[in-house]
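User: I'd like to go through how some helices pack in this model. Can you take me through it?

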Amino acid sequence: MGNVSFKYNFFQIPACGDESLESELNAFLESRAVVDVRQEFVQDGGIAHWCFSVRWRDGSLALGSDKRAKAMVDYKEVLSPEDFVIFARLRETRKELAKTEQVPAYAIFTNEQLAEMAKIRPVSKNGLSKIVGVGESRIQKYGAQFLQILREEESTGTAENKS
């Protein structure tokens with residue numbers, strides 16, 4: 001997947017709105033390869049505002065004017081049928097965990113990370129650590145569950161033996 005470096009920018013806009021700050025945020029979002037945006041409503045005393053955390057990377061998401069639509073990956077097309085079966089199982093597990101923990105699914109693992117797991121089929125926590133963006137805390141918290149799925153798929157023969 002390569003070594004991707006993320007950058008962050010933060011914006012604060014009064015709850016009642018401010019056209020120049022809104023325009024600044026929108027211009028920033030349109031000119032960057034935005035990975036995700038988190039927003040939170042904050043009230044400090046009598047002052048309320050929206051805080052935005054924008055994670056982005058250098059480069060563009062795709063060619064053309066509609067960047068987000070073209071940037072969407074259809075994993076059924078890019079993964080082999082065997083890999084997609086595993087990807088779908090990993091994604092379902094992630095969805096259940098996210099619902100239980102009341103967090104966004106990508107906070108557990110991104111689709112890109114799940115696809116990489118399905119392709120390389122790591123068998124250890126060390127193998128998981130080689131996937132871009134998968135750090136020690138995610139491995140400790142979720143690694144065993146996802147490795148178990150990968151092992152089950154290998155043992156049932158759904159997956160081909162890859163080296």
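Analyst: Sure. The model is predicted. Helix α4 (residues 81-101) and helix α5 (residues 111-120) have axes that come within 8 Å and cross at roughly 135 degrees.

User: Is α4 oblique or roughly antiparallel to α5 at that angle?

Analyst: Oblique. An angle has to be over 145 degrees to count as roughly antiparallel.

User: And what is the handedness of the crossing of α4 and α5?

Analyst: The α4 and α5 crossing is right-handed.

User: Which residues meet there, α4 against α5?

Analyst: From α4, the residues are D83, I86, F87, L90, R91 and R94. They meet N111, L114, A115, M117, A118 and K119 of α5. Sorted by class, this contact has seven nonpolar residues, four charged and one polar.

User: OK, switching to α7. How do the axes of α4 and α7 cross?

Analyst: Helix α7 covers residues 136-156. Its axis and that of α4 come within 10 Å, crossing at roughly 150 degrees. That angle is over 145, so α4 and α7 are roughly antiparallel to each other.

User: What about handedness for α4 and α7?

Analyst: Right-handed.

User: Which residues of α4 and α7 are in contact?

Analyst: On the α4 side, V85, I86, R89, L90, T93, R94, L97 and E101. On the α7 side, K141, Y142, Q145, F146, I149, L150, E152 and E153.

User: How many nonpolar, polar and charged residues does the contact of α4 with α7 have?

Analyst: Eight nonpolar, two polar and six charged.

Terms used:
Residues are numbered from 1 along each chain as its sequence is written. This is a predicted model: local features need pLDDT of at least 70, side-chain atom pairs count only at pLDDT 80 or more; totals for chains, interfaces and linings use all residues. Side-chain values use heavy atoms; hydrogens and water are left out. Axes are lines fitted to C-alpha atoms, for helices over the stretch in contact, and angles run from 0 to 180 degrees between N-to-C directions. Helices (H or I, at least four residues) and strands (E, at least two) are DSSP runs, numbered from the N terminus. Angles under 35 degrees count as roughly parallel, over 145 as roughly antiparallel, 65 to 115 as roughly perpendicular and the rest as oblique. A crossing is left-handed if the near helix is turned anticlockwise from the far one by less than a right angle, and right-handed if clockwise. Contact means heavy atoms within 4.5 Å. Ala, Val, Leu, Ile, Met, Phe, Trp, Tyr, Cys and Pro count as nonpolar, Asp, Glu, Lys and Arg as charged, and the others, Gly among them, as polar.
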